[in-house]
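User: I have a structure to go through before setting up a calculation. Could you walk me through it?

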Amino acid sequence: MNLICAALLVGSATCVAIFAGSQQIQTGSQEGAQQGYQNMVPEQRAAATRAFLGLGAIPDRVAAARGEPLFEQNCASCHGQTAHGATGPSLITSDLVLADDHGEHLVPFFKKGALEKGMPGFATMSDQQLTDIAEFLHVQVEDVANRGSYHVLNILVGNAAKGKAYVEGHCMSCHTTETFAHFASKFRSPEQLQRNWIWPVSEGNMTASVKTSRGAISGRVKQISDFRITLVDSSGETHAVDRGPGVEVQIKDSLASHQKMVMTLTNDDMHSVTAYLETLK
């Protein structure tokens, strides 16, 4: 598992809330959504990610298993063993494949072929065989697009001693030894542990002070863009302030150091820190 995978595992809910459009943050319910996503078993994550991404019909993996040898025999020489492309194009991003659910478009296309593009027709194959090939293609798309279905095998491959040195050299300016006491016992798996130390779940991690001609407001940032900032103050009241001339905004983000760390964190350091933290039970 590499650093890119770890970043992705932060959770689709958080990624969408923070990075969609301008710099928009929804802490509150968004944090709950992220925490719920992290606590799901792989099957639940796959279903949640499928619904979020709008991936369409769920592939029939039984039919796909029947279609795999048929694809290998008839199609793989051009399109590759897993349809990612060879002498012919990849089918993972094919509009025809993506528009199909269970062979209703692909089966007629397979029968006819596309001779002008060098693809023969398979008129002698049964509809069921061609449907099975279609399902095989849908499974290949699913395995690429739905990261919620990824199964992490083993991420405890680092050097715990090096991980301890990294923590002592990079983390103790913000944290104390008590922060890491029994740290691993807080998470149900090394995968969840790794995801959380890289990008902790912290409701209300961003606060701000806003000065205007009418006074000052401080509180938790609910939403922010180049044009407006919305705060929730200590009494629970929401304030929306346009960021125009004469408005001063000072932001404090408790995860700023983690944002900086992610930009320089190497795979070896990530694996080693995870291995070290896993020993703290």
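Analyst: The following exchange covers the overall make-up, the nonpolar cores, a strand pair and the cysteines. Please note that this is a predicted model.

User: Start with the basics. How many helices and strands are in the chain?

Analyst: The chain has 13 helices and 5 strands. It comprises 281 residues, of which 40% count as buried.

User: And what is the accessible surface of the chain?

Analyst: The accessible surface is about 15,700 Å², and carbon and sulfur atoms account for 56% of that area.

User: What share of the contacts join residues at least 24 apart?

Analyst: That share is 62%, taken among contacts between residues at least 6 apart in sequence.

User: On to the interior. How many residues does the largest nonpolar core have?

Analyst: The largest nonpolar core has 23 residues, and F71, F110, L130, I133 and L137 have the most contacts inside it. At least two residues of this core come from each of helix 5 (61-74), helix 8 (106-112) and helix 9 (127-145). Helix 9 supplies the largest share, with 7 residues.

User: Take I133, then. Which residues does I133 touch?

Analyst: Leaving aside residues up to four places away in sequence, I133 touches G67, L70, F71, F110 and M125. There is also a second, separate core of 17 residues, with V167, A184, I198 and L277 among them.

User: Now the strands. How many bridges join strand 3 to strand 4?

Analyst: Strand 3 (residues 228-232) and strand 4 run antiparallel and are joined by 5 bridges. One of the partnerships is that of R228 with D242 in strand 4.

User: What about the hairpin they form, and which residue there takes a positive phi?

Analyst: The hairpin has 5 residues between the strands, and G236 takes a positive phi near 95°.

User: Which residues of strand 4 are on its covered face?

Analyst: Strand 4 (residues 238-242) has H239 and V241 on the covered face, whereas T238, A240 and D242 lie on the uncovered one.

User: Last topic, cysteines. How many disulfides are there in the whole structure?

Analyst: A search of the whole structure finds 0 disulfides.

User: Why is there no bond between C171 and C174?

Analyst: The closest cysteine sulfur to that of C171 is in C174, and because the distance is 8.4 Å, it is too far for a bond. A disulfide would require the two sulfur atoms to be within 2.5 Å.

User: Are these two buried or exposed?

Analyst: C171 counts as buried, at 13% relative accessibility. C174, with a relative accessible area of 57%, is exposed.

Methods: Residues are numbered from 1 along each chain as its sequence is written. This is a predicted model: local features need pLDDT of at least 70, side-chain atom pairs count only at pLDDT 80 or more; totals for chains, interfaces and linings use all residues. Side-chain values use heavy atoms; hydrogens and water are left out. Buried means under 20% relative accessible area, exposed over 50%, partly exposed in between (1.4 Å probe, protein chains only). Helices (H or I, at least four residues) and strands (E, at least two) are DSSP runs, numbered from the N terminus. Two strands pair if DSSP finds at least two bridges between them. A nonpolar core is a set of buried Ala, Val, Leu, Ile, Met, Phe, Trp, Tyr and Cys residues joined through side-chain atoms within 4.5 Å. Contact means heavy atoms within 4.5 Å. Accessible areas come from the Shrake-Rupley method with a 1.4 Å probe; for residues, only the protein chains shown count as cover.
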